[in-house]
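Before reading on, take a moment with the sequence and the fold shown here. The paragraphs that follow go from the overall layout to individual side chains.

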Amino acid sequence: MTLTTEEGSRNLLQHGVIEWSVLGSFLAFRKPGGPDPRRRIIKIYLDSAPMLMEAIKTAISTADGTLLSKSAHSLKA
């Protein structure tokens, strides 16, 4: 199952996964009348998560510790 960015954002919000206090610091970069930069950050994360999960699966199946560490860290961030 693949989630759209909007569905993924709703899912994250429902589960309290987003640390809004951390994302709030990005509001300092918002231009007057401009879009909320937090939405872009969340979209980038949701767009990259499936690729990172595949990389984690590959790393596990090939016993590639470096790829596993890098992919898991990127997904966590």
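Lys-43 is a useful place to begin, and it counts as partly exposed because its relative accessibility is 39%. The side chain of Lys-43 meets that of Asp-47 in a salt bridge, with 2.5 Å from N to O, and Asp-47 is likewise partly exposed, since its relative accessible area is 43%. Both residues belong to helix 3, which covers residues 37-61, and they stand four residues apart, about one turn of the helix. An α-helix has 3.6 residues a turn, so residues three or four places apart point the same way. It should be kept in mind throughout that this is a predicted model.

To place that pair in its setting, the protein chain contains four helices and zero strands, and along the sequence it follows the pattern α-α-α-α. The chain has 77 residues, of which 23% count as buried, and its accessible surface comes to about 6,100 Å², with 61% of that area belonging to carbon and sulfur atoms. Among contacts between residues at least 6 apart in sequence, 27% join residues at least 24 apart.

How many salt bridges does the structure hold? The structure holds three, and the one between Lys-43 and Asp-47 has already been described. Side chains of opposite charge can pair when their charged atoms come close. Another of these bridges joins Lys-57 and Glu-54, with 3.5 Å from N to O; because these two residues are three apart in helix 3, about one helical turn separates them. Glu-54 counts as partly exposed, because its relative accessibility is 44%.

The side chains of Arg-38 and Asp-36 also meet in a salt bridge, at 2.7 Å from N to O. Are the residues of this bridge, Arg-38 and Asp-36, buried or exposed? Both Arg-38 and Asp-36 are buried, and for Arg-38 the assignment follows because its relative accessibility is 18%, under the 20% that marks a buried residue. Arg-38 has its place in helix 3, and, once neighbours within four places in sequence are left aside, Arg-38 is in contact with Trp-20, Leu-23, Gly-24 and Leu-27.

The aromatic side chains can be taken next. The count comes to one aromatic pair. Phe-26 and Phe-29 form this pair, which is tilted, with 6.4 Å from centre to centre and 40° between the planes. Phe-26 is partly exposed, because its relative accessible area is 32%, whereas Phe-29 counts as exposed, because its relative accessible area is 64%.

Moving along the chain, the loop between helix 3 and helix 4 includes Ala-63. The phi of Ala-63 is near 55°, a positive value in a residue other than glycine. Most residues other than glycine have a negative phi, and most peptide bonds are trans. Ala-63 counts as exposed because its relative accessibility is 69%.

Which residue caps the N-terminal end of helix 4? That residue is Asp-64, which has a side-chain oxygen 3.2 Å from the backbone nitrogen of Thr-66. Helix 4 itself spans residues 65-76, so numbered that it has 12 residues, and it reaches 16 Å from its first C-alpha to its last, close to the 16 Å expected at 1.5 Å a residue.

Two residues of helix 4 show where this helix meets other parts of the chain. Leu-67 lies in helix 4 and is partly exposed, because its relative accessible area is 26%. Apart from neighbours within four places in sequence, Leu-67 is in contact with Ala-55, Thr-58 and Ala-59. The C-alpha atoms of Leu-67 and Ala-55 are separated by 7.2 Å, although these residues are 12 apart along the chain.

Ser-71, which also lies in helix 4, counts as buried because its relative accessibility is 4%. Residues up to four places away in sequence not being counted, Ser-71 touches Leu-52, Ala-55 and Ile-56. Ala-55 is thus listed among the contacts of Leu-67 and among those of Ser-71.

Terms used
Residues numbered from 1 in each chain as written. Predicted model: local features only at pLDDT ≥ 70, side-chain atom pairs only at ≥ 80, totals over all residues. Heavy atoms only, no water. Polar contact = N/O pair within 3.5 Å; in protein donor to acceptor, adjacent residues only side chain to side chain. Salt bridge = Lys/Arg side-chain N within 4 Å of Asp/Glu carboxyl O. Buried < 20%, exposed > 50% of the residue type's maximum accessible area, 1.4 Å probe, protein only. Contact = heavy atoms within 4.5 Å. Areas by Shrake-Rupley, 256 points an atom, 1.4 Å probe, with all protein chains shown as cover. Phe/Tyr/Trp six-rings, centres within 6.5 Å; stacked < 30°, edge-to-face > 60°.
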